[in-house]
Amino acid sequence: MTSVRADEERPGLYWADLEGRRSPATKNLAPGISVYGEQLLSSGGVEYRLWDPYRSKLAGAILNGLRGYPFGPGRRVLYLGASTGTTVSHISDIVEASGTVFAVEISQRVARELLERVVKHRPNVIPILEDARRPERYGFVYGKVDVEYCDVAQQDQTEIAISNARRYLREGGDLLLVVKTRSIDVTKEPEEVIRGEVAKLRSSGFEVLQVVNLEPYDRDHALVHARLTTPSR
Ligand code: SAM
């Protein structure tokens, strides 16, 4: 039998002991349903889902020492680049039924899978089929959010994150920005690309708290954790 214990500092995060190997896990909000083929396991009458760092950059960042953790029950999260919902589903587990994940995805084909795999089983995920470059078009996001997670893999991903934050992120709220260094400028060294993106965030009212390299889980990716210190304009 696998033992699972709660992380002492990060609500909603669990650690499963798999014969000596530690794996992050979340409590399954939709029992019996595996979203992307991840293993389900029961411990103490509760079902958990293993969180695969090779499939979800947030799990990779946690394993690589992400210090801040802005999630927890009841949190409101704006997620840009939801794709088929791998990471969205774990955040949905963590924020529980009292929280909300607004999941923005531009591709209709991908969004269909998001609906089928995730939204159908999780009332706390609100799908928004829109271009994240047009945050003024999101009909369903009411009020401000506590956390913005941005993983759109676009050259202007930092500008996209900033414009969404201006509109929807509360003061003191957290931004987790996945920087795909190669999609920004293939001719620059990754460190140089990251320095440039960090500078954009700093000049837009963010305090940059940490940059986590995602190797070996993801090549050429880093996750930037920043906090909005200047009120959204
Ligand atoms: N975050 C996902 C996860 O961990 O499960 C993976 C995201 S994938 C790298 C990037 C996604 O962003 C794709 O599904 C793509 O269709 C979407 N995307 C790209 N440009 C976008 C835009 N302008 N607005 C909204 N979504 C976009």
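Me: What makes the pairing of a ligand nitrogen atom with the side chain of Gln-154 a polar contact?

Reply: In this predicted model, a nitrogen atom of the ligand is 3.0 Å from an N or O atom in the side chain of Gln-154. The limit for such a pair is 3.5 Å, so the pair with Gln-154 counts as a polar contact.

Me: How much of the ligand's accessible area does the protein cover?

Reply: On its own the ligand has 610 Å² of accessible area, and the protein covers 84% of that.

Me: What backbone pairs does the ligand make with Ile-106 and Ala-132, and why do they count as polar contacts?

Reply: A ligand nitrogen atom is 2.8 Å from a polar backbone atom of Ala-132. For Ile-106, a polar backbone atom is 3.3 Å from a nitrogen atom of the ligand. Both values fall within 3.5 Å, so both pairs qualify.

Me: Which residues around the ligand come nearest, and what makes a residue near?

Reply: A heavy atom within 4 Å of the ligand is enough. There are 16 residues around the ligand, and Tyr-79, Thr-87, Glu-105, Asp-131 and Ala-132 come nearest. By class, this shell has four nonpolar, six polar and six charged residues.

Me: How do you know where the ligand sits?

Reply: The space taken by the ligand is the largest pocket. The test is that more than half of the ligand's atoms lie within 2 Å of the pocket's grid points, so the ligand is placed in that pocket.

Me: What is the volume of the largest pocket, and which residues are closest to its centre?

Reply: The volume is about 410 Å³. The lining has 23 residues, of which Gly-81, Ala-82, Ser-83, Glu-105 and Asp-151 are closest to the centre. Helix H2 (86-95) and strand E7 (100-105) each supply at least two lining residues. By class, the lining has eight nonpolar, eight polar and seven charged residues.

Me: Why is the peptide bond from Glu-215 to Pro-216 called cis?

Reply: Omega of this bond is near 0°, and the bond is cis. Pro-216 lies in the loop between strand E11 (206-213) and strand E12 (221-228). Most peptide bonds are trans.

Me: What makes Glu-19 worth a remark?

Reply: Phi of Glu-19 is near 50°, a positive value in a residue other than glycine. Most residues other than glycine have a negative phi. Glu-19 is found in the loop between strand E2 (14-18) and strand E3 (21-27).

Key. Residues numbered from 1 in each chain as written. Predicted model: local features only at pLDDT ≥ 70, side-chain atom pairs only at ≥ 80, totals over all residues. Heavy atoms only, no water. Polar contact = N/O pair within 3.5 Å; in protein donor to acceptor, adjacent residues only side chain to side chain. Areas by Shrake-Rupley, 256 points an atom, 1.4 Å probe, with all protein chains shown as cover. 1 Å grid on protein atoms, 1.4 Å probe; cavity = no way out; pocket = protein on both sides within 12 Å on 5 of 7 lines; lining within 4 Å. Nonpolar A, V, L, I, M, F, W, Y, C, P; charged D, E, K, R; others polar. Points joined across faces, edges and corners; volume = space filled by probe spheres on them. Helix = DSSP H or I, 4+ residues; strand = E, 2+ residues; numbered from the N terminus.
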